[in-house]
Amino acid sequence: MAEAPSQKHFPVSWDQFHRDARALAWRLAAAGPFDSVVCVTRGGLVPAAIVARELNVRMIETVCVESYTGIGRQGELRVLKGISEAITSGSNAGGQGVLIVDDLVDTGKTARVVRELIPKAHFATVYAKPMGRPLVDTFITEVSQDTWIFFPWDTGLAFVPPIHGGA
Ligand SMILES: O=P(O)(O)OC[C@H]1O[C@H](OP(=O)(O)OP(=O)(O)O)[C@H](O)[C@@H]1O
Ligand SMILES: O=c1[nH]c(=O)c2nc[nH]c2[nH]1
Ligand SMILES: [Mg+2]
């Protein structure tokens, strides 16, 4: 996916991300209970920690996926590590009672692959773009497809030129 010239930017601070992840937890509290959380690395690690704390879930698993290599650059999707059978056995077969957490859904490619691994799990993201939205059960904020979300762990304080153009 090449970066479109009209790409909009949506920068998210730590504070805003914490609030949005906590809002997600409030919504998920009504959708649970969940026996375990599967976070989609790496972006899902941060909201998963916040959601698991709020919902008192202590069984945490990862599914390790690699997809994007830069802003708007989606490469071949690779599952580097799948989901342990301990998470999906017995009454949790197929992902029943399992919560999958990711930071966002964009094209839905990642969510589709992870869903195939545990189809009965509940899929939650903090942010969603229109293409991926149908693949997510619960999310908090939708942004347009041509928006790139900048997460606090990918950004830092930097000089911004003033509106009038001078320094
Ligand atoms: O809906 P999609 O188009 O598949 O995009 C969404 C995925 O892309 C990002 O992960 P990325 O592959 O960049 O890896 P990261 O989480 O390690 O940053 C993001 O964290 C989602 O997992
Ligand atoms: O940091 C990110 N922001 C995004 O908008 C996005 N979409 C896919 N992958 C993404 N990563
Ligand atoms: Mg990711």
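# A guided tour from Asp 106

Select Asp 106 to begin: with 26 C-beta neighbours inside 10 Å, this residue counts as buried, because the count reaches the cut-off of 20 or more other C-beta atoms. Please keep in mind throughout that the model on the screen is predicted. Asp 106 sits in the loop that runs between β5 and α3, the latter being residues 109-117. If you set aside the neighbours within four places in sequence, the contacts of Asp 106 are Lys 129, Met 131 and Gly 132, and it is worth showing these three side by side with it before moving on.

**The whole chain**

Now zoom out and colour the protein chain by secondary structure, which comes to three helices and eight strands. Followed from the N terminus, the elements appear in the order β-α-β-α-β-β-β-α-β-β-β. The radius of gyration is 17 Å, close to the 15 Å that the globule rule gives for 167 residues, so the protein chain is as compact as a globular protein of that length. If you turn the view along the principal axes, the C-alpha trace spans about 65 × 35 × 25 Å.

Of the 167 residues in the protein chain, 31% count as buried, and among the contacts between residues at least 6 apart in sequence, 59% join residues at least 24 apart. Colouring by confidence is a useful next step, since the pLDDT of the protein chain averages 92, with 95% of the residues scoring at least 70. For the model, the scores are ipTM 0.98 and pTM 0.93.

**The annotated pair**

Which residues does UniProt list for "binding site"? The unreviewed entry gives Asp 106, where the tour began, and Ile 149. Although these positions are spread over 44 residues of sequence, they cluster in space, and the largest C-alpha distance is 9.8 Å.

Select Ile 149 next, and you will find it in strand β8, which covers residues 147-150. Is Ile 149 buried or exposed? It is buried, with 20 other C-beta atoms within 10 Å, because 20 is the count from which a residue is called buried. Apart from neighbours within four places in sequence, Ile 149 is in contact with Phe 10, Val 12, Leu 104, Tyr 127 and Val 143.

**The two ligands**

Turn to ligand 2, and display the residues that surround it, namely Tyr 68, Leu 104, Asp 106, Trp 148, Ile 149, Phe 151 and Asp 154. Both residues of the UniProt record, Asp 106 and Ile 149, therefore belong to this shell, which divides by class into five nonpolar, no polar and two charged residues.Then select ligand 1, around which there are 19 residues, with Gly 43, Ser 67, Tyr 68, Thr 107 and Thr 110 coming nearest. The elements that give two or more residues to this shell are β2 (36-41), β3 (60-70), β5 and α3, and it is β5 that gives the most, with four residues. By class, the shell around ligand 1 has five nonpolar, eight polar and six charged residues.

**A last stop at Ser 84**

Finally, select Ser 84, which is placed in the loop between β4 (73-81) and β5 (98-105). Ser 84 is partly exposed, with 13 other C-beta atoms within 10 Å, because that count lies between the 12 or fewer of an exposed residue and the 20 or more of a buried one. To finish, draw a line from the C-alpha atom of Ser 84 to that of Ala 23, which lies 61 residues away along the chain, and the two atoms are separated by 28 Å.

Methods: Residues are numbered from 1 along each chain as its sequence is written. Chains are lettered from A and ligands numbered from 1 in the order in which they are written. This is a predicted model: local features need pLDDT of at least 70, side-chain atom pairs count only at pLDDT 80 or more; totals for chains, interfaces and linings use all residues. UniProt positions are given in the numbering used here, feature names are shortened, and annotations may be inferred rather than shown by experiment. Two residues are in contact if their C-beta atoms, placed from the backbone, lie within 7 Å. A residue is near a molecule or strand if its C-beta atom, placed from the backbone, lies within 6 Å of it. Ala, Val, Leu, Ile, Met, Phe, Trp, Tyr, Cys and Pro count as nonpolar, Asp, Glu, Lys and Arg as charged, and the others, Gly among them, as polar. pLDDT is the predictor's confidence in each residue, from 0 to 100. The radius of gyration is taken over C-alpha atoms; the globule rule is 2.2 Å times the number of residues to the power 0.38.
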